[in-house]
Amino acid sequence: MSAAVNPPVAFTQDELGWVSWIDPLPEAELTERHYAGLVDRARAKSEYFRLLVRDPEVLEARTKTDKDIFYNVVDGLPRAERELAAAATSRYNGCIYCASVHARFASTYSKRRDDVQRLLDEGVKADLGARWNAVVKASVALAATPIAFGPDNIAELRRAGLDDAEIVDVINGASFFNWANRLMLSLGEPSK
Amino acid sequence: MSTQDIIDTLAGIEPGSALDAIRARRQQARENAQKSSLSLFEPIDASDCSLVERAAVAAFVTGLHGESPVAAFYREKLFANPAGGSLLEVIEAEIARGRTSGPYGSYPAGPLSIENTAGLIYRVSAASKPALGARLAAALEHAHLLVFRPRDAAAGDMKALLEAGWSTTGIVTFSQLVAFLSFQLRVVSGFRTLAAVNA
């Protein structure tokens, strides 16, 4: 457990740190079972992953779910728009850390850094053009509790040109960040 | 051979359907969403978070999202637990007290403060506490925070769980449980909606 240094007070595309409020496992205590849970051995350097690896089976399954939803681009939605779904969900739920990472990815893949920044600055109502608006609106409807996603969201995504496989990617990407946001927000805090 | 998993069952996705074929193109995501569920509800080690605690929290979290096939599934899971049946009524009463709309809560003081939104700060009722016990009462209060106002979470909430008897590892598993259900509920809702539009 380390002390938070200078937590950010606004959404940003800058690289942030993250510090845990409870004790991660020390790197020296990690066993092969833990390394299997980390999936990438390099994650042993991260406080966040050394905390989550206290339950290695769940972490391993979660990480592999995440990787396939976001990185398997043989078909389906372009990377940029999967990241947009993640960033919009994080913006709406209020996760400054997750939003920073995925806004940055959305900018990198879309080359639309200013639009992504407007999502962060103005919030999920920012006008980003029909296609992105549809993705953001669907992500927000999914993130609401009770869940507000309905046939209108699907109709809007289709009007914006998404087919069913791409709509499934929006659903998966946005839903996954309701998982990720709740871990990042509740187990520690971001630092600048 | 049926490939149906829990998400398919809850979303009503039939083997051989168009959605089944789309899900099959994300086989690793599909298999690992299922593995996440199994490692949370059929864990190899339940010493830091018991099976009845997992079932009770799951019934509470999914019930807070409103009635759905997912909520019914986890209510059944709690009922099927030998120690769970007696908790069902208490959990139902707490769901009724805790239902609201989210996300709401506060940001760190600064430019985002203008977006702060007040809402229910849920606490377990005095009447339910004896049946739940200190650990489960603390868990329900924390689960409500995670469901509706995750941006309000603070270091003190970790302290409250530790003081109620949760281990650090138990907190990680319990947090994963609530967060995973937040994912599963939404995937099921999204897929059900898509299947219904296409029917």
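In this predicted model, five elements of chain A, namely β1 (17-20), α2 (47-52), α3 (56-71), α5 (96-110) and α9 (164-187), each contribute two or more residues to the lining of the largest pocket. The greatest share comes from α5(A), which supplies seven residues. The pocket encloses about 520 Å³ of space, and its lining comprises 26 residues, with A:Arg43, A:Phe49, A:Tyr97, A:Val101 and A:His102 lying nearest the centre. When the lining of the largest pocket is sorted by residue class, 14 residues are nonpolar, four are polar and eight are charged.

The second largest pocket has a volume of about 300 Å³. Its lining consists of 22 residues, and those closest to the centre are A:Arg33, A:Asp55, A:Glu57, B:Ser39 and B:Ile44. Two or more residues are given to this lining by α3 of chain A, and likewise by α3 (27-41) and α9 (168-198) of chain B. The class composition of the second lining is six nonpolar, five polar and eleven charged residues.

Two of the residues closest to the centre of the second largest pocket, A:Arg33 and A:Glu57, also form a salt bridge with each other, in which the closest N and O atoms are 2.8 Å apart. Because A:Glu57 belongs to helix α3 of chain A and A:Arg33 to helix α1 of chain A, this pair ties together parts that are 24 residues apart in sequence. Both side chains belong to partly exposed residues, A:Glu57 having a relative accessible area of 25% and A:Arg33 one of 40%.

Over all chains, a search of the whole structure finds 28 salt bridges. One of the pairs is formed by B:Glu115 and A:Arg91, with the closest N and O atoms 2.7 Å apart. This pair crosses between chains, running from B:Glu115 in the loop between α6 and α7 of chain B to A:Arg91 in helix α4 (residues 79-93) of chain A. The two partners fall into separate exposure classes, since B:Glu115 is partly exposed at 29% relative accessible area, whereas A:Arg91 is buried at 2% relative accessibility. A further salt bridge joins B:Glu163 to B:Lys159, where the closest N and O atoms are 3.4 Å apart. These two residues are four residues apart in helix α8 (residues 155-163) of chain B, so about one helical turn separates them. Here B:Glu163 is exposed, at 61% relative accessibility, and B:Lys159 is likewise exposed, at 53%. In addition, a network of salt bridges links A:Asp75, A:Arg82 and A:Asp169 with B:Arg25 and B:Arg26.

In contrast to the salt bridges, disulfides number zero over all chains in a search of the whole structure. In the case of A:Cys95, the closest cysteine sulfur is that of A:Cys98, and the separation of 3.3 Å is too far for a bond, because a disulfide requires the sulfur atoms to be within 2.5 Å. A:Cys95 is buried, at 2% relative accessibility, and B:Cys49 is also buried, with a value of 1%.

The backbone was also examined for unusual geometry. Most peptide bonds are trans, and most residues other than glycine have a negative phi. Against this background, the peptide bond from A:Thr145 to A:Pro146 is cis, with omega near -5°, and A:Pro146 is placed in the loop between α7 (130-143) and α8 (151-159) of chain A. In chain B, a cis peptide bond with omega of about 0° joins B:Gly102 and B:Pro103, the latter residue being found in the loop between α6 (85-98) and α7 (129-148) of chain B.

Positive phi values occur at two residues of chain A that are not glycine, A:Val39, with phi near 65°, and A:Lys111, with phi of about 60°. A:Val39 is situated in the loop between α1 (32-38) and α2 of chain A and is partly exposed, at 29% relative accessibility. A:Lys111 is located in the loop between α5 and α6 (113-122) of chain A and is exposed, with a relative accessible area of 70%.

Conventions: Residues are numbered from 1 along each chain as its sequence is written. Chains are lettered from A and ligands numbered from 1 in the order in which they are written. This is a predicted model: local features need pLDDT of at least 70, side-chain atom pairs count only at pLDDT 80 or more; totals for chains, interfaces and linings use all residues. Side-chain values use heavy atoms; hydrogens and water are left out. On a 1 Å grid over the protein atoms alone, a cavity is a set of points where a 1.4 Å probe fits but cannot get out, and a pocket is an open set with protein on both sides within 12 Å along at least five of seven lines; lining residues have an atom within 4 Å of a point. Grid points are joined across faces, edges and corners, and a volume is the space filled by probe spheres set on the points. Ala, Val, Leu, Ile, Met, Phe, Trp, Tyr, Cys and Pro count as nonpolar, Asp, Glu, Lys and Arg as charged, and the others, Gly among them, as polar. Buried means under 20% relative accessible area, exposed over 50%, partly exposed in between (1.4 Å probe, protein chains only). A salt bridge is a side-chain nitrogen of Lys or Arg within 4 Å of a carboxyl oxygen of Asp or Glu.
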